[in-house]
Amino acid sequence: MEDSYTGTSLRANVAYDTFLSTSPTGSQTHEIMIWLGVFGDIYPLSDNGYPPTPVATPTIGGVAFNLIAGHNGNVIVYSFVAKPAATSFSGDLLAFYKYLEANFGLSSGLYLQTVQAGTEVFTGTGAKLTATGYSIRVN
């Protein structure tokens with residue numbers, strides 16, 4: 001995925017957003033986000049306050065990330081936030097799940113239900129945020 005923006009006072013992210021469950025059609029149990037770009041003072045969901053303190057600082061696919069852990073109701077949320085922002089990323093999303101399996105006990109038996117890619121815009125003036133070139137292939 002590649003991203004860029006113009007405008008002022010933009011508060012947004014550029015991310016992959018995935019949801020996992022214990023069954024193909026069951027309720028979502030985990031959300032795994034990969035924030036490649038962060039614009040402005042926004043943060044992912046966190047169980048330890050704002051601004052959040054990373055629970056780990058892995059490097060995956062050649063990109064350094066802060067890992068933030070939180071909850072959205074009963075859904076466990078892990079957000080990998082690129083530091084600094086990665087304006088271009090090409091990697092295997094499976095590496096993020098494998099990292100969580102090895103270091104945070106994520107079950108390898110979960111089902112991938114949903115994959116999204118793009119932007120979440122919170123505020124901005126005259127802002128244009130472009131995310132292009134993203135693709136997903138599920139094997």
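Two strands pair if DSSP finds at least two bridges between them. Keep that in mind for one of the stops below, and remember throughout that the model on your screen is predicted.

**The whole chain**

Start by showing everything as a cartoon. You should find one helix and six strands, arranged along the sequence as β-β-β-β-β-α-β. The radius of gyration is 15 Å, close to the 14 Å that the globule rule gives for 139 residues, so the chain is as compact as a globular protein of that length. Along the principal axes, the C-alpha atoms fill a box of roughly 45 × 35 × 30 Å. If you colour by burial, 38% of the 139 residues count as buried.

**Strand β2 and its partner**

Next, select residues 28-39, which make up strand β2. Nine of its twelve residues are buried, so β2 is largely enclosed by the rest of the structure. Now add residues 75-82, strand β5. The two strands run parallel, and six bridges join them. For a closer look at this pairing, display methionine 33 together with serine 79 of β5, which stands opposite.

**Helix α1**

Move on to residues 94-104, helix α1. Which of its residues are buried? Show Phe96, Tyr97, Tyr99 and Leu100 as sticks, and you have them. They cover an arc of only 155 degrees around the axis, which puts them on the same side of α1.

Stay on the helix and pick lysine 98, which also lies in α1. Is this lysine buried or partly exposed? With a relative accessible area of 44%, lysine 98 is partly exposed; the partly exposed class runs between the 20% and 50% cut-offs. Try a distance label from lysine 98 to serine 108: their C-alpha atoms are 8.1 Å apart, with the two positions ten residues apart in sequence numbering.

Then step just past the end of the helix to glycine 105, where phi is positive, at about 75 degrees.

**A nonpolar patch on the surface**

For the last stop, switch on the surface and select Leu112, Val115, Ile136 and Val138. Together these residues make a nonpolar surface patch of about 320 Å². Among them, isoleucine 136 deserves a click of its own: it lies in the segment after β6, the strand that spans 111-132. Its relative accessibility is 40%, so isoleucine 136 counts as partly exposed.

How values were computed: Residues are numbered from 1 along each chain as its sequence is written. This is a predicted model: local features need pLDDT of at least 70, side-chain atom pairs count only at pLDDT 80 or more; totals for chains, interfaces and linings use all residues. Side-chain values use heavy atoms; hydrogens and water are left out. Patches are made of residues with over 30% relative accessible area and no salt bridge: like charges are joined within 9 Å, nonpolar side chains (Val, Leu, Ile, Met, Phe, Trp, Tyr) within 5 Å. Accessible areas come from the Shrake-Rupley method with a 1.4 Å probe; for residues, only the protein chains shown count as cover. A salt bridge is a side-chain nitrogen of Lys or Arg within 4 Å of a carboxyl oxygen of Asp or Glu. Helices (H or I, at least four residues) and strands (E, at least two) are DSSP runs, numbered from the N terminus. Buried means under 20% relative accessible area, exposed over 50%, partly exposed in between (1.4 Å probe, protein chains only). The arc is that of the directions from the helix axis to the C-beta atoms. The radius of gyration is taken over C-alpha atoms; the globule rule is 2.2 Å times the number of residues to the power 0.38.
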